[in-house]
Each structure stands twice: as C-alpha cells, then as structure tokens.
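This report describes the strand arrangement, the helix packing and the ligand surroundings of one model. The sequence and structure are shown first.

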Amino acid sequence: MKAVVTGAKGMLGQDLCPVFEDAGIFVNSFGSKELDVTNYDETRQIIGEISPQIIVNLAAYTNVDKAEEDYDNALRVNYEGAKNLAKVSKETGAILIHASTDYVFDGTKNSPYAPSDKTNPINKYGLSKLKGEEAIIENTDKFYIVRTSWLYGGLNGFSGNHFVKTMLNLKDKDEIKVVNDQTGSPTYTVDLALGMLMLLSKPFGIYHITGEGETTWYNFAKEIFDIEKLNVNLKPCTTKDFSRPARRPAYSVLENSIQTRHWKDALKEYLDYTRSLNKGNEEL
Ligand SMILES: NC(=O)c1ccc[n+]([C@@H]2O[C@H](COP(=O)([O-])OP(=O)(O)OC[C@H]3O[C@@H](n4cnc5c(N)ncnc54)[C@H](OP(=O)(O)O)[C@@H]3O)[C@@H](O)[C@H]2O)c1
C-alpha cells in the first residue's frame, strides 16, 4: 500500500511517517517546498504520478495568533489546500486522512465534545480549519477527518516548538506563569499517528483522537516538571492575565473515538525518550 503525506516536515509529519512505514505502508513524504497543497495542478500531478491508496494531509497554517491578521493565508492553506486534496482524492480514488482541531468548537460545553457536536470556532484559525473540513466533506467521499488537540512530539528532527519544549526552555526563569482556566487533552503525535492507522478499519467520517484524560495548561506544565524532577517556581494564572491576539476555547476536551493511553503515560514516555536522546548526544 502507498501513501502520500503532505506537510510531512511538520511536528506530526515527522512522527507519522515512520509509524505508517512500520505498519508496512510505503510512504512518499513531501514538505511544503516539494508539494504546495495550495497549488492544485502541482498537487494533482505529483499525487497522480504516485497513485497512492492513502493521502494524509498534515499541511496546515498552524500559527493560531498570526491567523487573526493573516486570515487570507490561513484560508489558502487550511481551506483551499484541503479542498485541493479532497478533489485529488475523489479523482484518484485515494482515501484522504486529514488532521483537524479542537478549535472548531467554542469551548462552552463542560463535557467532552462528540464528533457530531455543533461547531462554532471563536478564532480565525479554527474557522479556517472548519472550512477545510467542510471542503473535504463536499468534495470527496472517502475521508477521515481527525480532530485532535494540544499536540507535542516530533522525535525525528522537528525543529520547531511545542508546549513541552517551551516549558523546558523556561525552566531556569525565576517564575513561570501558566494559564489554569483552559482545559483540554495533551496528545503525543506518535499516539495520534497510531490512532490514525487504526481508523483505516472504520467507516469514513469525522473522528476525535487525543490523549486520554483532561487537564489545564498549568497542570500539564506541572506534570512536565514533576516527571523531569525540576524544581521550578510555577504559578497558575488566568486567560485574562495573558492577553493574546486569538481567543482560545475554555474547554476543548474531545470525546475519543478510539482507545488511547492516558496523557500522563504518553508524556512520560516522550520525556524519557527525549532525555535518553539528549544523553546519547552528550556522550558522543
Ligand atoms: N500543534 C497542535 O497543537 C495541533 C492541535 C490540533 C490540531 N493540529 C493540526 O494537526 C496538523 C499538524 O500540525 P503540526 O503541529 O504538525 O503543524 P506544523 O508543525 O506547523 O506542520 C505543518 C506543516 O505544514 C506545512 N505547510 C504549510 N503550508 C503548506 C503548503 N501550502 N503546502 C504544503 N505544506 C504546507 C508546513 O511547512 P512550512 O513550515 O515549510 O510552512 C509545516 O511543515 C495540522 O492540521 C494542525 O492544524 C495541531
């Protein structure tokens, strides 16, 4: 079986490609410079030549705050790009797996969101991702839209930042303030990739995959420092104390469509693994 993965050099892509390869899928991975999903002709030609059974779309405009003033570009990637891939999926008969987000919800619920719950994004990034979902539903039949949340990972060369890295980079500060009034589910990219594979035996549709359990950003940070046995001066604060361009949903826990590990177990494995890698590098 062959797959094409777009946005493959991003955080999720770095971990998903090896997971899919380990499952016996021949993965053709493309970064943004090799396959620009906003260019329909290029996308159609490259995917047409490979003729994969699966297309995994991880290409996305993911800067939530910047999307507020740069909405046209967010739409171009998150809506037009998703639409292009859906059209190519329909034309070639390939299954489309597409990553989406908890930010399609407004966060006013206080129990986990089901895939069928009403969407109502409260920021431009969430709106652009919702339009991408709609474009997929309109343009192809064989799709898995996979909403996820609070991702961290990228073991295989991802050079960007995510919450876990950001917290560890701040460990020497006199004080670290983290919001304690936003609740969600941290998700390890490796677990998400494994979950996406498991979906292939399910009917097409919209699914939710996150780490099991829920927490606040503050308690997520506390768990990181506890596992690392770091003594830091961590203080809870509120969203109001931390003004940001894009609003975040106060509660964005997703009802899981498949069984995953508890987020604390996944976090421990990720931290143990990155620690062992760092130790290996120091010894070289
Ligand atoms: N990170 C999270 O917490 C989170 C939470 C929920 C859902 N998600 C979703 O999960 C997916 C993966 O997220 P991630 O965290 O892995 O994001 P990421 O690290 O920002 O990766 C996204 C990738 O898309 C590429 N890209 C951007 N524009 C493109 C284009 N026009 N054509 C092809 N590739 C393009 C980027 O390449 P360049 O860097 O070269 O532009 C980047 O490598 C996204 O759909 C995101 O919306 C993420």
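## The central sheet

Strand S1 (residues 2–6) pairs with S2 in the parallel sense, and five bridges link the two. Within this pairing, Lys2 has Phe26 of S2 as its bridge partner. The model is a predicted one.

The pairing of S1 with S2 belongs to an open sheet of six strands, ordered S2-S1-S3-S4-S5-S10, in which the pairing is parallel. The edges are occupied by strand S2 (26–30) and strand S10 (205–208); each has a single partner strand, so one side of each lacks a neighbour in the sheet. From one strand to the next, the twist averages 20 degrees.

## A helix across the sheet

Helix H4 (residues 124–139) lies across two strands, S4 and strand S5 (143–148). Relative to S4, H4 runs at about 160 degrees. In the strand order, S4 and S5 stand between S3 and S10.

## Packing of H3 with H4 and H2

H4 also packs against H3: the two axes come within 8 Å and cross at roughly 15 degrees. H3 is therefore roughly parallel to H4, and their crossing is right-handed. The contact has nine nonpolar, four polar and six charged residues. On the H3 side, the participants include Tyr71, Ala74, Leu75, Lys83, Lys87 and Lys90, while those in H4 include Lys124, Tyr125, Lys129, Lys131, Ala135 and Ile136.

H3 has a further helical partner in helix H2 (residues 40–50), which packs with it at an angle of about 35 degrees, the axes being 10 Å apart. This crossing, too, is right-handed. Tyr40, Thr43, Arg44, Ile47 and Gly48 of H2 meet Asn84, Leu85, Val88 and Thr92 of H3. By class, the residues of the H2 contact with H3 are four nonpolar, four polar and one charged.

## Packing of H1 with H6

The axes of H1 and helix H6 (residues 189–199) come within 8 Å, crossing at roughly 50 degrees. At that angle H1 is oblique to H6. H1 passes H6 in a right-handed crossing.

From H1, the residues Met11, Leu12, Asp15, Leu16, Val19 and Phe20 take part in the contact. They meet Thr189, Val190, Leu192, Ala193, Leu194, Met196 and Leu197 of H6. The contact of H1 with H6 comprises eleven nonpolar residues, one polar and one charged.

## Surroundings of the ligand

There are 28 residues around the ligand, of which Gly7, Gly10, Ser32, Ala59 and Ala60 come nearest. By class, the shell divides into twelve nonpolar, 13 polar and three charged residues.

Which elements each supply at least two residues of this shell? They are helix H1 (11–22), helix H3 (71–92) and strand S4 (95–101). H1 gives the most, with three residues. These elements also appear in the packing described above: H1 is in contact with H6, H3 meets both H2 and H4, and S4 is one of the strands across which H4 lies.

How values were computed
Residues are numbered from 1 along each chain as its sequence is written. This is a predicted model: local features need pLDDT of at least 70, side-chain atom pairs count only at pLDDT 80 or more; totals for chains, interfaces and linings use all residues. A residue is near a molecule or strand if its C-beta atom, placed from the backbone, lies within 6 Å of it. Helices (H or I, at least four residues) and strands (E, at least two) are DSSP runs, numbered from the N terminus. Ala, Val, Leu, Ile, Met, Phe, Trp, Tyr, Cys and Pro count as nonpolar, Asp, Glu, Lys and Arg as charged, and the others, Gly among them, as polar. Two strands pair if DSSP finds at least two bridges between them. Axes are lines fitted to C-alpha atoms, for helices over the stretch in contact, and angles run from 0 to 180 degrees between N-to-C directions. Two residues are in contact if their C-beta atoms, placed from the backbone, lie within 7 Å. A crossing is left-handed if the near helix is turned anticlockwise from the far one by less than a right angle, and right-handed if clockwise. Angles under 35 degrees count as roughly parallel, over 145 as roughly antiparallel, 65 to 115 as roughly perpendicular and the rest as oblique.
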